[in-house]
Amino acid sequence: MISPRRILKNTTFLTVAFVTRKVIHLVAFSLIARYTGVQTTGLYFLLLSFAALFTSLMDFGLTPAMIREASKAPERLHDYLGNVLGLKVFLCVAASAAGFGLIHLLDYPDLTQRLVYLTTIYIVLDSLADTFYGCLRVHHRMEFEAKGMVVSHFLILLISSFVIFFQLNIYGLVFALIMGGLYNLIYSLFCTLRVLHLKLNLYFDHSVVKQLVSIAIPILGAAAFSKLLFIDTFLLSYLTDETVLGWFSVPSTLVQSFMFIPMAVTMAIYPALSSFHIHSPERLIETFERSVQILMIFIIPAAIGMAVLAPGIIRFFFGISYGPSVLPFRILTFSLIPIFFNGPMSVLLDACHRQVSNSFLMAVAAILHLGLALTFIPNYQAVGIAWAAVFGHTAFFVLGIFAVRGILAGALKRCLTDMAVIFVAAGLMGLAVFSLRNIFHFIVLIPVGIAAYAVLFFLITRLAKRYLGRKTFHFIGSPFMRMPPKKGEDLVECRTP
């Protein structure tokens, strides 16, 4: 049974876990950046980008496809899992070969190639763990995934700190990744077997494989688009050098650290949207609208605030040697706004069996992004990639609005109107913080900005209600935001009729 309470609990579990994981990752990355130098940081970031990109290729979109189909028929999860694992045996080999070929084709140094070979072990472990966590997502038991990701990243931080303290080489940092991935795989497998009582088998049922692959290929295209910043890493490392890559790694890592928020929300609502598409179209629209409102209320002021306070943030966490990172960071922060809207929009299309449309929009935006990146890098380097990211994600946002308007009806207009209200409040907050940036330390200005935004948001929403004749953010306080739901509130069973 899927209730608003369960959706909110899952979102809370994943959000807290993603926050903790990102904080741990930022601490580890900051230590590496401060105490190993810009060039080593650039090389480490290249390995992380390689891992993020090829993990998606090893999965091939099969895990989201399994989640979508098994959410409609949980009794078939065992069959779906067996076929996904069977396919992944070949996918891991093929993706590894493709990664090795790419590294050789780009003629990276021997050290980089050896590190990539070792990083591939971590990629395989992470990809398999994600599939087992996907089984738990089908049954809405996301608290186990939350625990696993926190402990695994804490283990990575612990080993990485040991490596930095004793001034060991970069192989030690890769070893830390492998140990974290190994723990994640063992824990996810244990939870899947113990909680869901599933048996591990490798299947190659032609009908099931065909069904999953037909769904997975468009999802893979969408996943590839979400990894564009990691693809940019290879372009930048090939066209420039490791120092420039190190400067870019800082804004990219900071921006990526916020990706957990839309990821947590979309992971929590995706099984529900898949079920609501079959059983309750009204709940489908409501869930999407509430999710977008929550995301926009947070990310618009956060993006504006970070852009204003960028110099202080970079100097405080990474040191003065990363001064060239400030401008790319300021630009990249504004890519977060379309990204946060695009996440729910993308899973909505997938849940409504419009994954082909989703992948087409992703492809158009990706081509624009990569074309601009190749054009801008020679002259503008990291700044050029930042602008390419903003234009690429904005293109998907604009095109996606036309793709989902038939599904959302009037809800899309309400979402865009609410975004405009948030922009006004956040923009005024940004002006206030900007006027005080040379007087107070940026840490002091953060709570000042939060308080100013809260007051402005309250006043502007009240004015909108009074003069526009309707209540803005009318879903806040609705069943999605309540815990527990009202007595008698309808629950939707996660099964086909």
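A helix is here a DSSP run of H or I with at least four residues, numbered from the N terminus. The exercises below concern a predicted model.

**Exercise 1. Describe the overall make-up of the protein chain.**

Solution.
- Step 1: Count the secondary-structure elements. The protein chain contains 18 helices and zero strands.
- Step 2: Consider burial. The chain has 497 residues, of which 57% count as buried.
- Step 3: Consider the sequence range of contacts. Taking contacts between residues at least 6 apart in sequence, 85% join residues at least 24 apart.

**Exercise 2. Determine which helix gives the most to the lining of the largest pocket, and characterise that lining.**

Solution.
- Step 1: Establish the volume. The largest pocket holds about 890 Å³ of space.
- Step 2: Locate its centre. The lining comprises 32 residues, and those closest to the centre are Phe 258, Phe 298, Ala 302, Met 306 and Ile 446.
- Step 3: List the elements that give two or more residues to the lining. They are helix 1 (4-36), helix 11 (260-279), helix 12 (281-318), helix 17 (410-436) and helix 18 (442-467).
- Step 4: Identify the main contributor. Helix 12 gives the most, with 10 residues.
- Step 5: Sort the lining by class. There are 27 nonpolar, four polar and one charged residues.

**Exercise 3. Identify the residues of the largest nonpolar core that touch the most other members, and trace the contacts of Met 296.**

Solution.
- Step 1: Examine the core. It has 158 residues, and Met 296, Phe 340 and Phe 341 touch the most other members.
- Step 2: Assign the main contributor. Helix 12 gives the most to this core, with 17 residues.
- Step 3: List the partners of Met 296, leaving aside neighbours within four places in sequence. Met 296 is in contact with Pro 301, Ile 337, Phe 340, Phe 341, Met 419 and Ile 422.

**Exercise 4. Classify Glu 289 and Glu 69 as buried or exposed, and describe their surroundings.**

Solution.
- Step 1: Place Glu 289. This residue lies in helix 12.
- Step 2: Apply the cut-off, under 20% relative accessible area for buried. Glu 289 has 0% relative accessibility and therefore counts as buried.
- Step 3: Find its polar partner. The side chains of Glu 289 and Arg 414 are joined by a polar contact of 2.9 Å.
- Step 4: Compare sequence with space. Glu 289 and Ala 411 are separated by 122 residues in sequence, yet their C-alpha atoms are 6.6 Å apart.
- Step 5: Place Glu 69. This residue is found in helix 3 (residues 62-72).
- Step 6: Apply the cut-off again. Glu 69 counts as buried because its relative accessibility is 11%.
- Step 7: List the contacts of Glu 69 beyond four places in sequence. They are Tyr 80, Gln 211 and Ile 215.

Key
Residues numbered from 1 in each chain as written. Predicted model: local features only at pLDDT ≥ 70, side-chain atom pairs only at ≥ 80, totals over all residues. Heavy atoms only, no water. 1 Å grid on protein atoms, 1.4 Å probe; cavity = no way out; pocket = protein on both sides within 12 Å on 5 of 7 lines; lining within 4 Å. Points joined across faces, edges and corners; volume = space filled by probe spheres on them. Nonpolar A, V, L, I, M, F, W, Y, C, P; charged D, E, K, R; others polar. Core = buried A, V, L, I, M, F, W, Y, C linked by side-chain atoms within 4.5 Å. Buried < 20%, exposed > 50% of the residue type's maximum accessible area, 1.4 Å probe, protein only. Contact = heavy atoms within 4.5 Å. Polar contact = N/O pair within 3.5 Å; in protein donor to acceptor, adjacent residues only side chain to side chain.
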